[in-house]
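Here are my notes on the structure you sent, set out as numbered points. Please read them with the coordinates open beside you.

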Amino acid sequence: MGGQASKEDIAARVKPILDKVSVEGLKAWLKAIGFKVPALSRTTITEFIVNLIAESQLAEDALEAALIGFEEASDMRIYLLQLDKADAKAAKSSLTTRLKNFGIPITNTRKFAGNRSAPMSPVYAVADGDLLRVKWAEEHTKVTINASGDGLNEKAVPRRAVLIANFGGHTAELRLNPAENRHTYTDAGGRMTAESYYKAYLQKASDVLACKVELLEMRPAIKALVEREDPRIVRIQIDDHTNQKNYKTKTTGPRLDVRDSPDWQLGYKRNGDTWSWDAQSFTGFRRCQAVFLPARFTHTSTLKKTM
């Protein structure tokens, strides 16, 4: 991102990037690396970061790495995959050739996606021993009814996909920003669906890995964590649900457990058999220390008595 310069030059370089990251996310990262963060607003936190860089207390390279991390981990639906052990060794040996055939640039460092509108635009691949990281980008369109109710608003929304694999450990993780309501993926009947988008990337991940892959089932473990009452070992801060007709509901509790909300309890009692979770944000407790564990979990069917 360049060397040291005036505050104006630094701001010109970093502000467009910072504007794409949530203020809360920036605050959490700065606190994690030991800085006392001022009152929250995008203007004040941007000025704070610019001053840190100008005073050589924060390296631009470190900022860039952190923001790439935000881009590759924020608001992601995560699929956990098990690689077939018999396939993994051969798949690793032919990986470089395969990446080139798919037109995926091989680099030594992770990169920002930039402005990429075409479906499944390859951004980079980093291969290091048994480890592989691949990133794609594209653009969806969010369509909403305008304020007057007589037309539609359309907004281009960047979407990212990241594949992280360990051929030695025979595991992989596919992260996807959720689909917007207009994109290029359709099912067998020609209907544009979010599931078609997810399936397309699962297939692409399988093609890149060149392994038979199996989805790891995490719902029983998550269900046990959520339902445990005495003692609670997690606090749920965000709880999203989708029912069989694709209606969604969201409960948030920034400081308290959403399960203590009367609305949540009523919804769980009435809808536990017909709703399944899309995303939850946990805080786990162990030895009186809190660890933030954000998580988005996929589901293929409605679970009995799930959150």
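1. E72 deserves the opening remark, because this glutamate is buried, with a relative accessible area of 0%, in what is a predicted model. E72 sits in the loop that runs between α4 and β1 (77-83). Setting aside residues up to four places away in sequence, the neighbours that E72 touches are R110, K111, Y124, R133, K135, V162 and R175. When you inspect this site, it is worth displaying E72 together with that whole set of contacts.

2. A113 is another buried loop residue, with a relative accessibility of 2%, and its place is in the loop between α6 (95-101) and β2 (121-128). Leaving out residues up to four places away in sequence, A113 is in contact with E71, V123, K135, A137 and R160. K135 is thus named among the contacts of A113 and also among those of E72. A113 and R159 are 46 residues apart along the chain, and their C-alpha atoms are separated by 9.3 Å.

3. L176 belongs to strand β5, which covers residues 171-176, and L176 is buried with a relative accessible area of 0%. Which residues does L176 touch, if those up to four places away in sequence are not counted? They are D75, M76, R77, Y79, R160, A161, Y197, Y198 and Y201. R160, which is in contact with L176, is also touched by A113. In addition, L176 and I78 lie 98 residues apart in sequence, while the distance between their C-alpha atoms is 6.5 Å.

4. D75, one of the residues that L176 touches, merits a check of its backbone, since most residues other than glycine have a negative phi. D75 has a positive phi of about 55° although it is not a glycine. Its place is in the loop between α4 and β1, the loop in which E72 also lies. Whereas E72 is buried, at 0% relative accessible area, D75 is partly exposed, at 43%.

5. S56 should be examined in the same way, as S56 is not a glycine and yet has a positive phi, of about 60°. This serine is found in the loop between α3 and α4. Is S56 buried or exposed? With a relative accessible area of 58%, S56 is exposed.

6. In strand β7, which spans residues 234-243, attention goes to D240. This aspartate counts as buried at a relative accessibility of 12%, the cut-off for buried being under 20%. D240 and T251 are eleven residues apart in sequence, and 6.5 Å separates them in space, C-alpha to C-alpha.

7. Turning to the helices, α1 takes in residues 7-18, and I10, V14, I17 and L18 are buried within it. Viewed down the axis of α1, the buried residues fall within an arc of 90°, so they line one face of the helix. In general, an α-helix has 3.6 residues a turn, so residues three or four places apart point the same way. E8 and A12 are exposed on the other side of α1. The cover over the buried residues of α1 includes α2 (23-32), α3 (42-54) and α4 (60-71).

8. How do α2 and α3, both part of the cover over α1, pack against each other? Their axes are 10 Å apart and the angle between them is about 35°, and α2 passes α3 in a left-handed crossing. On the α2 side the contact is made by V23, L26, K27 and L30, which meet R42, I45, F48, I49 and L52 of α3. The residues of this contact divide into seven nonpolar, no polar and two charged.

9. Some values for the chain may help to place these local points. The chain holds nine helices and ten strands, and 40% of its 307 residues are buried. Of the contacts between residues at least 6 apart in sequence, 58% join residues at least 24 apart. The accessible surface of the chain comes to about 17400 Å², and carbon and sulfur atoms account for 52% of that surface.

Note on methods
Residues are numbered from 1 along each chain as its sequence is written. This is a predicted model: local features need pLDDT of at least 70, side-chain atom pairs count only at pLDDT 80 or more; totals for chains, interfaces and linings use all residues. Side-chain values use heavy atoms; hydrogens and water are left out. Helices (H or I, at least four residues) and strands (E, at least two) are DSSP runs, numbered from the N terminus. Buried means under 20% relative accessible area, exposed over 50%, partly exposed in between (1.4 Å probe, protein chains only). Contact means heavy atoms within 4.5 Å. Accessible areas come from the Shrake-Rupley method with a 1.4 Å probe; for residues, only the protein chains shown count as cover. The arc is that of the directions from the helix axis to the C-beta atoms. Axes are lines fitted to C-alpha atoms, for helices over the stretch in contact, and angles run from 0 to 180 degrees between N-to-C directions. A crossing is left-handed if the near helix is turned anticlockwise from the far one by less than a right angle, and right-handed if clockwise. Ala, Val, Leu, Ile, Met, Phe, Trp, Tyr, Cys and Pro count as nonpolar, Asp, Glu, Lys and Arg as charged, and the others, Gly among them, as polar.
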